[in-house]
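Subject: Structure for you to look at

Hello,

Here is the structure I promised to pass on. Please open it first, then read my notes below with it on screen.

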Amino acid sequence: MSAPNKQYDPVEVASLSPGEITRMRDEALAAVAAAGTLDELKAARLAHAGDRSPLRLANAEIGALPPGARAEAGKRIGTTMRAVSQALAARQQVLEEERDQRVLIEEAVDVTLPWDHRPPGARHPVTTVGERLADVFVSMGYEIAEGPEIEAEWYNFDALNIPPDHPAREMQDTLFVAGPDGGRSGMVLRTHTSPVQIRAMLTRPLPLYVVSPGRCYRNEAQDATHSPVFHQIECLAVDEGLTMADLRGAVQAFVDAMFGEGLRTRLRPDYFPFTEPSADVSMECHVCRGASTRPGGPACRVCRSQGWIELAGCGMVNPRVLIACGIDPDRYSGFAFGLGIERALMVRHGVTDIRDTLEGDVRFSRAFGVEA
Ligand code: DAH
């Protein structure tokens, strides 16, 4: 440690002369007044009141004055530094207020402007329901099978034992694809997902368990219950020893997955060319659970007070169809069922107009079963 330098005792320090201090003060105040922005004021503060500013350096020199002159010089410097820091504070306030005013104007948000935020898209319930049902079957060992929407007549009809004179082929039901000469091309827009059964049986090894959701087309005018474009889901199993009991089990699994467990199903005789025997599948009404059929019971809009809702067609694969696909009907048997996804969705949510499921209005998707 070095001792204070007692020898050093100059009589005069130029930077502490009254004239010099006044000059420093005037310069400092002029710089503060000239600062037009907060950044400029910051620079002025550093230059005129910072550690290396002339005033601070002069202040540090006070100790070098003769003792009698120190108080006077200290007072003068102190007053000057206070004046400078008051000027800085006052200017700071003015500039901050100006900035706040400017921000209010420049960064104002016009809440009356049109909203340009687009909500994230969501997949349509018809897609998600189709996939969820397919997933349920995949978890039971089924595979997903797909086929083209523009299909050969042979797959759509002939191989399914729908003969050429069957009414389903009539112009009012089927959308035929025109050939190059404007005549028939042998191709149609598939009228159901059943041709995927044929494709699966022709290409996949046995035993065979497939599920096929997909889009179908029919030459129908659009109304509350019909649409020229709709979706079906189809299920097909071909194995040794399959019976209608297996079909019932698969149908029940489907209804459990779509409507929740605990609803009974029933099969009633029906006719489809590609199944023998054929049946239609009904499920117990999930809304009234049959209450609407009891005397004095409340009316039910969903099952029209029938207690049952028809949902699907099904049956044991017709041996003729197996033969068309090169499968030995004496060794193998199969079951199949198919249904409309929009219809199932309408039943599930009590929608009465199929157009609501088709128009792509996001309010429908939001209200009826948007799944992540
Ligand atoms: N393909 C039939 C239709 O569009 C529905 C159907 C009925 C599918 C019975 C099947 C079935 O697989 O076995 O009306």
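**The aromatic cluster**

Five residues come together in one aromatic cluster: Phe137, Tyr142, Tyr209, Phe254 and Phe337. Keep in mind that this is a predicted model.

How many aromatic pairs does the structure hold? There are 7. One of them joins Phe137 and Tyr142. Their ring centres are 5.0 Å apart. The planes meet at 90 degrees, which makes the pair edge-to-face. Are these two residues buried or exposed? Phe137 has a relative accessible area of 1%, so it counts as buried. Tyr142 has 8%, so it is buried too. The cut-off for buried is under 20%.

Phe137 also pairs with Phe337. This pair is tilted, with 6.0 Å between the centres and 55 degrees between the planes. Find both on the chain. Phe137 sits in helix α5 (residues 125–139), while Phe337 sits in strand β10. They are 200 residues apart, so the pair links distant parts of the chain. Phe337 is buried, as is Phe137.

**The ligand**

Now turn to the ligand. It is surrounded by 15 residues. The closest are His192, Ser194, Arg218, Gln232 and Glu234. By type, the shell divides into 5 nonpolar, 8 polar and 2 charged residues.

Which strands each supply at least two residues of the shell? They are β6 (229–239), β9 (308–317) and β10 (333–340). You have met β10 already, as the strand that holds Phe337.

Look at three side chains next.

- His192: an N or O atom of its side chain is 2.9 Å from a nitrogen atom of the ligand.
- Gln197: an N or O atom of its side chain is 3.0 Å from an oxygen atom of the ligand.
- Glu234: here the distance from a side-chain N or O atom to a ligand oxygen is 2.6 Å.

How much of the ligand does the protein cover? On its own, the ligand has 360 Å² of accessible area, and the protein covers 89% of that.

**Domains**

Zoom out. The protein chain is divided into domain 1 (10–106) and domain 2 (125–366). Their centres, taken over C-alpha atoms, are 89 Å apart.

Leu55 is a residue to find in helix α3 (residues 54–60). Its relative accessible area is 3%, so Leu55 is buried. Arg25 is 30 residues away from Leu55 in sequence. In space, the two are 8.1 Å apart, C-alpha to C-alpha.

**Backbone details**

Check the two cis peptide bonds described here.

- The bond from Leu206 to Pro207 is cis, with omega near -5 degrees. Pro207 lies in the loop between α7 (195–203) and β5 (208–217).
- Glu276 and Pro277 are also joined by a cis peptide bond, with omega about -5 degrees. Pro277 is in strand β8.

Thr275 is in strand β8 (residues 275–284) as well. Its relative accessibility is 3%, so Thr275 counts as buried. The side chains of Thr275 and Ser278 make a polar contact at 2.6 Å.

Then look at phi. Asn161 is not a glycine, yet its phi is positive, near 65 degrees. Asn161 lies in the loop between α6 (153–156) and β3 (176–178). Its relative accessible area is 18%, so Asn161 is buried. Arg304 has a positive phi too, near 50 degrees. Arg304 is in the loop between β8 and β9. With a relative accessible area of 69%, Arg304 is exposed.

Best wishes

Conventions. Residues numbered from 1 in each chain as written. Predicted model: local features only at pLDDT ≥ 70, side-chain atom pairs only at ≥ 80, totals over all residues. Heavy atoms only, no water. Near = heavy atom within 4 Å. Polar contact = N/O pair within 3.5 Å; in protein donor to acceptor, adjacent residues only side chain to side chain. Areas by Shrake-Rupley, 256 points an atom, 1.4 Å probe, with all protein chains shown as cover. Helix = DSSP H or I, 4+ residues; strand = E, 2+ residues; numbered from the N terminus. Nonpolar A, V, L, I, M, F, W, Y, C, P; charged D, E, K, R; others polar. Domains from an automatic or database assignment. Phe/Tyr/Trp six-rings, centres within 6.5 Å; stacked < 30°, edge-to-face > 60°. Buried < 20%, exposed > 50% of the residue type's maximum accessible area, 1.4 Å probe, protein only.
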